[in-house]
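User: I have a structure to read and would like to go through it step by step. Please keep the answers short and show the reasoning.

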Amino acid sequence: VQLQASGGGLVQVGGSLRLSCAASGWTFSMYNMYWFRQAPGKQRELVAGITRGGSTYYADSVKGRFTISRDNAKTTLYLQMNSLEAEDTAVYYCNAKMGSTNYWGQGTLVTVSS
């Protein structure tokens, strides 16, 4: 069972990044998928989610700027992040949930410089 997040990096305010989360070892299409983030000194927070049926959810702070998507054939979750702000600086984690089963990726660091 593996969730491998990638795509983080250093970007300037107003820039864009696309995060990916590659899954293996389980039935990706059966799980609801989420992106969380944790900024230094803050609690982990939910950023966006996508159900196995394709319904999406966004935190108010990222609505209109971030887009979550999934490719079940590639067993990969994505987060397209546009118009990045300094407040988006955090470690981003992907999460898979089905019932009581919960998998976490290792996190990828996004740093937005002003």
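## Reading the fold

Analyst: The model is predicted. The protein has 114 residues, and 40% of them count as buried.

User: How many helices and how many strands does the protein have?

Analyst: From the N terminus on, the elements run β-β-β-β-β-β-β-β-β-β-β. No helix appears in that order. The count is therefore zero helices and 11 strands.

User: What radius of gyration does the protein have, and what would a compact globule have?

Analyst: The C-alpha atoms fill a box of roughly 40 × 25 × 25 Å along the principal axes. For 114 residues, a compact globule would have a radius of gyration near 13 Å. The value for the protein agrees with this, as it is 13 Å.

User: What share of the contacts with a separation of 6 or more joins residues 24 or more positions apart?

Analyst: One example of residues far apart in sequence is V110 and L17, which are 93 residues apart along the chain. V110 touches L17. Over the protein, residues 24 or more positions apart account for this share of the contacts with a separation of 6 or more: 53%.

User: How much of the exposed area do carbon and sulfur atoms supply?

Analyst: The protein exposes about 5,900 Å². Of this area, carbon and sulfur atoms supply 48%.

User: How far apart are the mean positions of the positive and negative charges?

Analyst: The protein has 10 positive and 6 negative charges. A mean position is taken for the positive charges and another for the negative charges. The distance between these two positions is 9 Å.

User: Why is the pair of W26 and F28 called tilted?

Analyst: The structure holds six aromatic pairs. In the pair of W26 and F28, the ring centres are 5.9 Å apart and the planes are at 45°. Planes under 30 degrees apart would count as stacked and over 60 as edge-to-face, so an angle in between makes a pair tilted.

User: Which residues form one aromatic cluster with W26 and F28?

Analyst: Both W26 and F28 are buried. Two tyrosines belong to the cluster with them. They are Y31 and Y103.

User: Is G53 buried or exposed?

Analyst: G53 is found in the loop between β5 (45–50) and β6 (56–58). Its C-alpha atom is 9.4 Å from that of Y31, 22 residues away in sequence. The relative accessible area of G53 is 69%, and the cut-off for exposed is over 50%, so G53 is exposed.

User: Which residues is G15 in contact with, leaving aside its neighbours within four places in sequence?

Analyst: G15 has its place in the loop between β2 (9–12) and β3 (17–24). It is buried, with a relative accessible area of 17%. The C-alpha atoms of G15 and M81 are separated by 8.3 Å, although the two are 66 residues apart along the chain. The contacts of G15 are M81, N82, S83 and L84.

User: What sign does phi have in S83 and in T75?

Analyst: Most residues other than glycine have a negative phi. S83 is in the loop between β8 and β9 (90–98), and its phi is near 50°. T75 is in the loop between β7 (66–71) and β8 (76–81), and its phi is near 45°. In S83 and in T75 the sign is positive.

User: What relative accessible area does V110 have?

Analyst: V110 lies in strand β11 (residues 108–113). Not counting residues up to four places away in sequence, V110 touches several others, among them G8, G9, L19 and M81. V110 is buried, and its relative accessible area is 0%.

User: Is R37 buried or exposed?

Analyst: R37 has its place in strand β4 (residues 32–38). Its C-alpha atom is 5.4 Å from that of V91, 54 residues away along the chain. R37 touches residues including E45, E87, D88 and V91. With a relative accessible area of 6%, R37 is buried.

Key:
Residues numbered from 1 in each chain as written. Predicted model: local features only at pLDDT ≥ 70, side-chain atom pairs only at ≥ 80, totals over all residues. Heavy atoms only, no water. Helix = DSSP H or I, 4+ residues; strand = E, 2+ residues; numbered from the N terminus. Rg over C-alpha atoms; globule rule 2.2 N^0.38 Å. Buried < 20%, exposed > 50% of the residue type's maximum accessible area, 1.4 Å probe, protein only. Contact = heavy atoms within 4.5 Å. Areas by Shrake-Rupley, 256 points an atom, 1.4 Å probe, with all protein chains shown as cover. Lys, Arg positive; Asp, Glu negative; His and termini not counted. Charge placed at Lys NZ, Arg CZ, Asp CG, Glu CD. Phe/Tyr/Trp six-rings, centres within 6.5 Å; stacked < 30°, edge-to-face > 60°.
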